[in-house]
Every structure is written in structure tokens, then in C-alpha cells.
Amino acid sequence: AVLEAETIGWGASSRNGGMTLTGLKPAMQTVLKTYGRELAGELFQCSLDAVDLVERIVKEENIDCGFARRGHILLANKPTHFEALKKDVEFMQKEFNYETKLIAPQELRAEIGSELYFGGLLDEISGGLNPAQYARGLADAAERAGATLCARARVVKLERSKNGFFLQTARGNLSAEKVLVGTSGYTGALVKKLQRRVIPLGSYILATETLTDEVARELIPNERMLFDYKNFLNYFRLWDKRLIFGGRAAFFPENKRTLEQSGRILRDDMTRVYPQLKDAKVEYVWGGVLDFTFDDMAHVGEEEGIFYALGYAGHGVALATYLGATTAEALLKGNIQEHPFAKFAFPSAPLGLYNGFPWFLPFAGAWHKILDWTG
């Protein structure tokens with residue numbers, strides 16, 4: 001049984017940019033330094049397997065979501081960023097035998113119709129899809145496989161029972177031998193120990209009006225997934241001849257005020273990247289809540305008999321698909337501790353200063369802006 005507090009696919013599961021990316025949130029240099037070469041290699045391979053898994057599911061389940069491997073480009077906002085990207089290309093080849101391509105500033109015009117950036121790094125393995133269509137396709141596939149999907153079934157009580165767990169929901173009660181928590185940025189007080197380790201972070205996206213073929217080709221000629229080097233990053237792509245442009249315009253979850261504010265900020269950012277869109281209409285603005293952790297890493301494991309997979313930090317299209325599948329397999333086999341994402345600690349806030357309400361987000365946002373100005 002899949003118990004969903006809202007509608008199936010609600011939240012960032014369907015309201016995201018649809019980028020199906022290789023890699024993890026932290027740079028792989030950081031991952032290797034923190035966890036060692038062997039585990040870093042396992043974790044990176046998981047990210048590659050995750051994109052492969054999405055592609056396989058889409059094909060096997062015949063999910064009409066426009067999945068295509070167009071690759072992604074990490075864009076340098078400053079010359080110093082480009083120098084760092086040079087080192088990234090060398091590092092990935094040396095440590096993981098993984099090939100990425102450096103795009104020099106003078107070559108970048110073939111990839112993006114903007115003069116704002118100072119080169120980029122191309123990874124051709126990544127893909128993109130329509131996330132709402134993908135979420136719906138996954139739900140249909142789960143039902144065909146025998147799962148019962150229960151919308152509007154918020155779990156209000158979760159406790160141990162003689163044969164496993166007792167769950168009380170808004171629609172009724174049920175018993176379960178095992179429980180897997182996959183609540184991401186919407187993790188609540190029902191699982192307090194997990195809530196204290198997950199930071200809900202708003203992310204916002206706008207969509208332009210339908211553009212002409214000529215303008216769409218000018219913006220992103222090869223239909224890559226694009227995002228920049230900043231901490232307060234922007235990410236953008238084409239879908240159905242619209243520019244989909246997102247970013248951390250506001251850290252708090254979506255409401256009328258944050259949507260209006262984020263729409264203005266994102267439009268300003270978009271026209272800074274693409275001045276040719278200054279007169280283009282913005283037809284949609286929406287938001288969702290991502291799940292960040294205090295080490296920016298995804299985590300799987302078991303807490304008081306309850307299994308979990310959390311902390312995708314914007315990489316959830318591919319990684320949540322993969323960790324959902326592999327955590328479920330480990331749950332059934334009883335070897336969750338052998339999962340690569342269970343081999344390191346799941347930290348909470350220093351000194352216990354976080355109880356699930358992210359009071360520090362305005363300070364974190366200001367700090368990231370300072371880093372972008374000075375870095």
C-alpha cells in the first residue's frame with residue numbers, strides 16, 4: 001500500500017524541472033575526500049545506474065513522459081568557475097574513468113543563446129523528462145504490479161504492533177509488516193527523528209509562453225539540461241517549446257506570497273540570462289519542497305524498525321527512483337546496512353538546534369548570496 005497525504009505525485013515529485021541527472025549534490029571531489037575512494041566510486045556508480053533505471057522503467061512500462069538523454073551542462077558564472085571545471089574534468093577522468101567535456105567560452109554559443117557565462121562542463125549521460133507524466137506513469141505501473149495507491153490518506157499514527165506496525169490514516173487503519181518512509185521535503189513529526197535530519201527547502205519554476213521554433217533553437221540549440229555554478233543557482237531547459245526556468249528564488253514552501261515573489265525574481269534572472277525574452281509572457285509559476293540534509297547527501301537506512309530513503313537535494317528524479325527500488329529490495333532481503341547510501345552517518349543539526357522547523361533558512365540564504373558574490 002502506498003499512503004499519500006495529498007494526491008498521488010503531489011509536491012516536488014511532479015512539480016520539478018524533470019532533470020534526470022548523473023552525480024550527487026556535493027561535488028565528487030568532496031564525496032571522495034569525505035568517504036574515501038571505494039565508497040565514493042560506489043555512490044557515483046549508483047547515480048549512473050539511477051539514470052539507466054529511469055530509462056528502463058520508461059521503456060518497460062511505456063510511460064509517455066518525453067524521456068531523452070540530451071545531457072546536462074554546468075555553466076561557469078565567473079572565469080574562476082571555469083578554472084574549477086577544468087579540474088573537475090581531469091578529476092572525473094582520473095578517479096572514476098568517467099568522461100566529461102569542457103566547453104570553452106568561445107564554444108559555448110553553440111549550446112546556449114546567452115553571453116552571460118564563461119564556459120561550461122558537459123555530461124552527455126544525463127536526461128530529461130516531464131515529471132508529472134513520469135509520476136503518473138510510475139503510479140500506473142505500481143498499480144499494475146499489484147500495489148494499492150491511497151490518496152488523501154495522511155498517516156496520523158504510526159506505532160509498533162505484535163506483527164509489525166499499526167498505521168492510522170485519514171481514510172482508515174491498516175497493519176503492515178514493514179514500513180518505508182519516502183516523504184522527502186514533507187517529512188513531518190510522525191517520524192520526528194527523521195524530521196530533525198531533513199531540511200525542507202522551497203524551489204520555484206516558471207514557464208514561458210510557447211516560443212517560436214527559431215527562438216527555442218536559439219536559447220538551447222541541443223536541448224540540454226542547464227544549470228549554473230552558483231549556490232543560489234538557476235536551472236533551465238526547454239519543454240514543448242517553452243523555457244522552463246527554476247531556482248532557489250525563495251527558500252520557504254510555496255504559498256501565494258512566495259509564488260508571487262519567486263515569479264518576479266525568476267523572471268529577472270531569466271531575462272538576465274536571455275535578454276531576448278524580455279517581452280516573452282510568463283504563463284505559469286509553481287513551487288515544490290525539496291529535501292536537503294545537513295551533509296547534502298541522500299540517505300537510506302532503518303530507524304527504530306522503520307526504513308527510509310530521504311535527502312535528494314534536487315537530484316530526486318533519478319536518485320529517488322533508484323533508491324526507492326534498491327531500498328525496497330534491501331528491505332525485503334534484510335541487508336539494508338549493505339546499501340551504499342547506508343554506509344555513512346545521517347547527521348542532524350549541530351548541538352540539536354533543529355527540531356524540524358527551518359528557522360535558519362533566511363540566514364542560510366543570505367550566506368549563500370554572500371558566497372556567490374565573493375566566490
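Two strands are said to pair if DSSP finds at least two bridges between them. The model on display is predicted, and this tour begins at one of its sheets.

Select strand 11 (180-181) together with strand 18 (residues 306-310). Strand 11 and strand 18 pair in the parallel sense, over two bridges. Within this region, valine 181 is found opposite tyrosine 308 of strand 18.

Next, add strand 17 (residues 299-303). The pairing of strand 17 with strand 18 is antiparallel and extends over five bridges. Histidine 299 has leucine 310 in strand 18 as its bridge partner. At the turn of this hairpin, two residues lie between the strands, and glutamate 304 adopts a positive phi near 55°.

Now view the three strands together. They form an open sheet in the order 11-18-17, with mixed pairing. Strand 11 and strand 17 are at the edges with a single partner strand each, so each has one side without a neighbour in the sheet. Strand 17 is nevertheless largely enclosed by the rest of the structure, because four of its five residues are buried.

Turn then to helix 8 (residues 316-333). Helix 8 packs on the sheet and touches strand 11, strand 17 and strand 18, its direction making about 160° with that of strand 18.

Finally, select helix 2 (residues 37-60), whose axis is 8 Å from that of helix 8, at an angle of about 90°. The two helices are therefore roughly perpendicular to each other. Among the residues in contact are Cys46, Asp49 and Leu53 of helix 2, and Val317, Thr321 and Tyr322 of helix 8. The contact comprises eleven nonpolar residues, one polar and one charged.

Key:
Residues numbered from 1 in each chain as written. Predicted model: local features only at pLDDT ≥ 70, side-chain atom pairs only at ≥ 80, totals over all residues. Heavy atoms only, no water. Axes fitted to C-alpha atoms, helices over the stretch in contact; angles between N-to-C directions. Parallel < 35°, antiparallel > 145°, perpendicular 65-115°, else oblique. Contact = heavy atoms within 4.5 Å. Nonpolar A, V, L, I, M, F, W, Y, C, P; charged D, E, K, R; others polar. Buried < 20%, exposed > 50% of the residue type's maximum accessible area, 1.4 Å probe, protein only.
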